[in-house]
Amino acid sequence: MKCEHVTRQIADYLGGNLNDSTLSKIEEHLLSCSACKAEFESLGTTWEKLGKLPEATPPEIVKTRFYAMLDAYQAGQNVAEVRLGWRETVNNSLGRWWPRQPVFQFGFALALLIIGLISGLTIKSSSPGNQDLLVLRSEVYSLRQMVATALLQNQSSSERLRGVSYSYRVAQPAAATLETLLNTLDYDSNLNVRLATIDALSIFYDEEVVRAGLIESLTRQTSPLTQIALIELFVEREEKQAVSALKFLLNNEMFNQTVRRQAGKAIEKLQ
C-alpha cells in the first residue's frame, strides 16, 4: 500500500471503519514509513482531543429559529412540488400530441402556419375598420374625380391648368374624366392648357379610349406646338395606328411646314 492510499483512509482508520485486511496493510505500511506514522500520530492526538470535548447544547432561541427555518423550507418545497407537478402535467400532455418524427413535426408546423395566415387574412378583410377604410378610399376617389372635372370646366385658364394637374392624382380616372380631358385637348382656347392636357393623357395612354382620342385629335389641332407634341408622343409610344393621321398632315399644305416635316420623320420611324 502506498502513502497516498494510506493518507486517504486516516479518518476511517481512526474511526474504526476499516476491515481487518485493510487495517493490517495500513499498520504494515506505518511500520516502514516514518512520515505516515508521524501524520497518523498527530491526527490521532487531535482525534482523541475532539472526542473529549463536552457535548454542546444549543440555546432554546437557536432551536426555535432552526425549526422555524426548517418549517419554512419544507413549506417552500411543497409549493415547488405542486408547481412542478402542474408543469410536468402540461408537458406530458403536449408531448403526447407532438409527433416524434422530424418530417411530421415540419408538416405540423407548416399546417399551423397556413391556418394562421388564412385566419389573419379572413379577419383583416372582414373587420369593420377595413370596411370603413375601403368606403373612405372610394369617397376620396370620387371626390378627386369631381374636383378634376369641375376645374377643367372652369372659365379661368389657370383653374383649368389646376384641373389638368389634379387629374394626375387620379390613379384610375373614370370615363367621364377622360372624356373631359380629351374635350379640353380639342377645344380649350388656351395653348398651355392643351399642352398640359397632352402630358396628362399620356399617363393614361394604355387606355384604348385615350389612345384613339389622341390620334383623332391630331388632325383637329390648329397649333403647330400641340401637333408636334402629339407627333413626338406617337413616336415615343411607337403608335403605328397614328400613321394615317400623320400622312394627312404630311400631304396637306394647309399645315405648318415644320409640322409636316415632323410628320414625315415620324412616318419613317413607325412604318
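The exercises below concern helix α8 in a predicted model.

**Exercise 1.** Decide whether Arg160 is buried or exposed, and find which side chain makes a polar contact with its side chain.

*Solution.*
Step 1. Locate the residue: Arg160 belongs to helix α8, which covers residues 157–167.
Step 2. Take the relative accessible area of Arg160, which is 9%. Buried means under 20%, so Arg160 is buried.
Step 3. Look for the polar partner: the side chain of Asp188 makes a polar contact with that of Arg160, at 2.5 Å.
Step 4. List the surroundings. Not counting residues up to four places away in sequence, Arg160 touches Leu151, Leu152, Asn154, Gln155, Asp188, Ser189, Asn190 and Val193.

**Exercise 2.** Determine which residues of α8 are buried and how they are arranged about the helix axis.

*Solution.*
Step 1. The buried residues in α8 are Arg160, Gly163, Val164, Tyr166 and Ser167.
Step 2. Viewed down the axis of α8, these buried residues fall within an arc of 165°, so they line one face of the helix.
Step 3. As background, an α-helix has 3.6 residues a turn, so residues three or four places apart point the same way.

**Exercise 3.** Describe the environment of Val164, including its C-alpha separation from Thr197.

*Solution.*
Step 1. Val164 is also placed in α8. Its relative accessible area is 1%, so Val164 is buried.
Step 2. Leaving aside neighbours within four places in sequence, Val164 contacts Leu152, Val193, Ala196, Thr197 and Ala200.
Step 3. For Thr197, the C-alpha atom lies 6.0 Å from that of Val164, although the two residues are 33 residues apart along the chain.

Terms used:
Residues are numbered from 1 along each chain as its sequence is written. This is a predicted model: local features need pLDDT of at least 70, side-chain atom pairs count only at pLDDT 80 or more; totals for chains, interfaces and linings use all residues. Side-chain values use heavy atoms; hydrogens and water are left out. Helices (H or I, at least four residues) and strands (E, at least two) are DSSP runs, numbered from the N terminus. Buried means under 20% relative accessible area, exposed over 50%, partly exposed in between (1.4 Å probe, protein chains only). A polar contact is a pair of N or O atoms within 3.5 Å; within protein, one must be able to donate a hydrogen and the other to accept it, and residues adjacent in sequence count only if both atoms are side-chain atoms. Contact means heavy atoms within 4.5 Å. The arc is that of the directions from the helix axis to the C-beta atoms.
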